Amino acid sequence: MGQKNPLTDALLKDAVAIITGAGQGLGRTYAQSLLDHGARVVISDLGTNRAGEGASMDVIAEAGRTLRADNGQLITHNGRLDNEDGCRELVELAITHFGKLDILIHNAGWVDYQRIEDQSDDFLERAIGINVRAPIWLSKYAWPYLKHSSSPRIVLNTSDRALFQQYAQPGLVAYAAGKMAQVGIMNALSLEGEQHGILVNAISPVAKTRMWGSMPSPENLKPEWVAPGVVYLASPLCHDTGYILRASNGHFTATRFCENPGVVYPTDLARVECENVVDVARQWQQIKECEYA
């Protein structure tokens, strides 16, 4: 991790942030970056294994001991976030200690594989809990405080494994469903937040961490090379909402799902007109050609 830069270490001065899944890997790296830029941070981690099972206070306690922070700048939380009460508790913790909330970064998640023929309800529920319930409940309880922030930001988490068919992998159905869900949550909240100045974006990171199965520190795809993008999305420097920021190996590209030009939704898709299934089949090559603005 880099040293503090006197030119930027006050970028988030006095801002209060919650970061979930911050005990290890990307979340911990985000936490250090926000601390280095002057934010006061609540880090949360349940301490589950790679399959999202179990719990341990050791993970978040170790992060609390070893992250570089000024006195009173960092507090830790260990609790479940797959339910409404747990999310309310985390937001209330931030308010009790720091008196306000400006930034919510939902990084918590897990990667495990289960083929569709073996899909179990317990496995699917764990994916839904952390990827769907948690960001919704956290946003619900953060929202009233974000509305009073001078620079309110939410950063959700998605994945190229879900966004692009060419990067999909067998066994990641539950994972992909959860990560695509966060894109839908981002889109809805970015619209809902416009009147309050609440900007809602998502990060799609590629980094070698425990979830990748990479230990110790990698030579490429380093988590710290993703962090500048997250700091940007969480900072007053960002003025856009509803974007997915892809980050990998120190490279960044922002994307969003854009409508084709000329569309009058929902009455006119401005594309290929068909009256029956034969028309659809006959013109399929033209139908599947995508033209983006």
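A residue counts as buried when its relative accessible area is under 20%, as exposed when that area is over 50%, and as partly exposed in between. The exercises below apply this scale, among other things, to a predicted model.

**Exercise 1. Classify D14 and L221 as buried, partly exposed or exposed, and describe the backbone of each.**

Solution.
Step 1. Locate D14: this residue is found in the segment before β1.
Step 2. The relative accessible area of D14 is 42%, so D14 is partly exposed.
Step 3. Turn to the backbone of D14: phi is near 75°, a positive value in a residue that is not glycine.
Step 4. Locate L221: this residue lies in the loop between β6 and α7 (227-234).
Step 5. L221 has a relative accessible area of 13% and is therefore buried.
Step 6. The phi of L221 is also positive, at about 50°, although L221 is not a glycine.

**Exercise 2. Determine where A22 lies and which residues beyond its sequence neighbours are in contact with it.**

Solution.
Step 1. A22 belongs to the loop between β1 (16-20) and α1 (25-36).
Step 2. Because its relative accessible area is 0%, A22 is classed as buried.
Step 3. Set aside the neighbours within four places in sequence; A22 is then in contact with G27, R28, I43, S44, D45, I60 and A63.
Step 4. For a distance across the chain, take L245: A22 and L245 are 223 residues apart in sequence, and their C-alpha atoms are 19 Å apart in space.

**Exercise 3. State the order of the strands in the open sheet and identify the strands at its edges.**

Solution.
Step 1. The sheet consists of eight strands in the order β3-β2-β1-β4-β5-β6-β7-β8, with mixed pairing.
Step 2. The edges are formed by β3 (74-77) and β8 (251-255); each has a single partner strand, so one side of each has no neighbour in the sheet.
Step 3. On average, neighbouring strands of this sheet are turned by 20° against each other, direction ignored.
Step 4. Examine parallel pairs. β1 pairs with β4 (residues 103-106) in the parallel sense over four bridges, and I103 in β4 is the bridge partner of A17.
Step 5. Another parallel pair is formed by β6 (residues 199-206) and β7 (residues 244-248), over five bridges; here A202 stands opposite I244 in β7.
Step 6. By contrast, β7 and β8 run antiparallel and are joined by five bridges, with H251 in β8 as the bridge partner of S248.
Step 7. The hairpin of β7 and β8 has two residues between the strands, and N249 takes a positive phi near 60° there.

**Exercise 4. Describe the packing of α3 and α4 and the composition of their contact.**

Solution.
Step 1. Two packed helices are described by the angle between their axes and the distance between the axes.
Step 2. For α3 and α4 the angle is about 35° and the axes are 8 Å apart.
Step 3. The crossing of α3 past α4 is right-handed.
Step 4. From α3 the contact takes E84, C87, R88, L90, V91 and I95; from α4 it takes A134, W137, L138, K140, Y141, A142 and Y145.
Step 5. By class, the residues of this contact comprise ten nonpolar, no polar and three charged.

**Exercise 5. Examine three of the salt bridges and the accessibility of the residues in them.**

Solution.
Step 1. The whole structure contains ten salt bridges.
Step 2. K140 forms one of them with E84, with the closest N and O atoms 3.0 Å apart. This pair links distant parts of the chain, since K140 is in helix α4 (residues 121-146) and E84 in helix α3 (residues 84-98), 56 residues apart.
Step 3. K140 is partly exposed at 43% relative accessibility, and E84 is partly exposed at 24%.
Step 4. R80 forms a salt bridge with D82, the closest N and O atoms being 2.7 Å apart. R80 is partly exposed at 45%, and D82 is partly exposed at 26%.
Step 5. D102 forms a salt bridge with K100, the closest N and O atoms being 3.3 Å apart. D102, at 5%, is buried, whereas K100, at 31%, is partly exposed.

**Exercise 6. Locate the cis peptide bond that joins Y265 and P266.**

Solution.
Step 1. The bond between Y265 and P266 is cis, with omega about 0°.
Step 2. P266 has its place in the loop between β8 and α8 (277-282).

Technical notes: Residues numbered from 1 in each chain as written. Predicted model: local features only at pLDDT ≥ 70, side-chain atom pairs only at ≥ 80, totals over all residues. Heavy atoms only, no water. Buried < 20%, exposed > 50% of the residue type's maximum accessible area, 1.4 Å probe, protein only. Contact = heavy atoms within 4.5 Å. Salt bridge = Lys/Arg side-chain N within 4 Å of Asp/Glu carboxyl O. Axes fitted to C-alpha atoms, helices over the stretch in contact; angles between N-to-C directions. Left-handed = near helix turned anticlockwise from the far one by under 90°. Nonpolar A, V, L, I, M, F, W, Y, C, P; charged D, E, K, R; others polar. Pairing = 2+ DSSP bridges.
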